[in-house]
Amino acid sequence: METNLASPTRERMVELAQQYFRLVDGEEGSLPGMFTDDARVFFPKYGTARGPGQFAELAGGLLRSQKFFRHDVDTMVFTAEGSRLVVEGLEAGEAADGRPWPAHPRSEGRYCNVFEFAGELITRLHIYADPDFLTEDTDRLRWD
């Protein structure tokens with residue numbers, strides 16, 4: 001894909017982000033094809049993946065632990081500035097062992113992704129979500 005490095009419009013960034021989430025949720029297409037070769041992707045407990053090889057490692061780890069992800073497109077909130085798009089939303093899924101999440105009432109499946117675009121491609125993606133999808137890590141946090 002040839003890259004136009006001009007900042008995409010807000011509307012185009014929203015379309016590209018929605019396409020990214022559809023691919024994460026299992027729609028046919030090339031998720032790696034949405035990224036520049038030197039893209040950086042941050043995910044909690046993994047750190048920052050740099051380039052296609054590390055991105056594949058990150059994605060593979062997530063896919064081994066989960067049967068599927070679902071992102072609620074109707075509740076997404078988009079905030080744009082320049083070539084950066086912030087997406088807040090709700091996600092759900094099913095762990096590899098069949099348990100569904102989010103695990104209410106403690107987990108609501110909230111996430112925030114920060115995309116940065118170089119033309120039509122993602123050059124930076126920071127994913128802010130609790131990777132403890134099933135709310136199993138409760139020993140270190142006390143709310144009582």
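**Exercise 1. Work out whether glutamate 120 is buried, exposed or partly exposed.**

Step 1. Start with the cut-offs: buried is under 20% relative accessible area, exposed is over 50%, and partly exposed is in between (1.4 Å probe, protein chains only).

Step 2. Glutamate 120 comes out at 26% relative accessibility, so it counts as partly exposed.

A quick word on what you're looking at: this is a predicted model, where local features need pLDDT of at least 70 and side-chain atom pairs count only at pLDDT 80 or more, while totals for chains, interfaces and linings use all residues. Residues are numbered from 1 along each chain as its sequence is written, and side-chain values use heavy atoms, with hydrogens and water left out.

**Exercise 2. Find which salt bridges arginine 12 forms, and say what network they build.**

Step 1. Get the rule straight: a salt bridge is a side-chain nitrogen of Lys or Arg within 4 Å of a carboxyl oxygen of Asp or Glu. The whole structure has nine of them.

Step 2. One partner of arginine 12 is glutamate 15, with the closest N and O atoms 2.9 Å apart. Both residues sit in helix H1 (residues 10–24), three residues apart, which is about one turn of the helix. Helices (H or I, at least four residues) and strands (E, at least two) are DSSP runs, numbered from the N terminus.

Step 3. Check the exposure of this pair. Glutamate 15 is partly exposed, at 40% relative accessible area, and arginine 12 is partly exposed too, at 28%.

Step 4. Arginine 12 also forms a salt bridge with glutamate 120, and here the closest N and O atoms are 2.6 Å apart. Arginine 12 lies in helix H1, while glutamate 120 lies in the loop between strand E7 (110–118) and strand E8 (121–129), so this pair ties together parts that are 108 residues apart in sequence.

Step 5. For another example, glutamate 116 and arginine 124 meet through their side chains in a salt bridge of 3.7 Å, N to O. Arginine 124 is buried, at 15% relative accessibility. Back at the bridges that share partners, Arg12, Glu15 and Glu120 are joined into one network.

**Exercise 3. Describe the surroundings of valine 87.**

Step 1. Place it: valine 87 belongs to strand E5 (residues 84–95).

Step 2. Check its cover: valine 87 has a relative accessible area of 0%, so it is buried.

Step 3. List its contacts (heavy atoms within 4.5 Å). Skipping neighbours within four places in sequence, valine 87 touches several residues, including Ala17, Phe21, Met76, Val77 and Tyr111. Valine 77 is ten residues away along the chain, and the two C-alpha atoms are separated by 5.6 Å.

**Exercise 4. Track down the cis peptide bond, then look at serine 107.**

Step 1. The cis bond joins tryptophan 101 and proline 102, with omega about 15 degrees. Proline 102 is in the loop between E6 and E7.

Step 2. Serine 107 lies in the loop between strand E6 (100–101) and E7. At 13% relative accessibility, serine 107 is buried.

Step 3. Leaving out residues up to four places away in sequence, serine 107 touches Pro102, Phe133 and Thr135.

Step 4. Now follow threonine 135, which is in the segment after E8. Threonine 135 has a phi near 55 degrees, a positive value in a residue other than glycine. At 23% relative accessible area, threonine 135 is partly exposed.

**Exercise 5. Say where lysine 45 is and what its phi is near.**

Step 1. Look in the loop between strand E1 (35–43) and strand E2 (47–50), and there's lysine 45.

Step 2. Phi of lysine 45 is near 75 degrees, again positive in a residue other than glycine. With 76% relative accessibility, lysine 45 is exposed.

**Exercise 6. Sum up the overall fold and say how compact the protein is.**

Step 1. Count the elements: two helices and eight strands. From the N terminus on, they run α-β-β-α-β-β-β-β-β-β.

Step 2. The radius of gyration is 16 Å, close to the 15 Å that the globule rule gives for 144 residues, so the protein is as compact as a globular protein of that length. (The radius is taken over C-alpha atoms, and the rule is 2.2 Å times the number of residues to the power 0.38.)

Step 3. Finish with the interior: buried residues make up 40% of the 144 residues. Among contacts between residues at least 6 apart in sequence, 58% join residues at least 24 apart.
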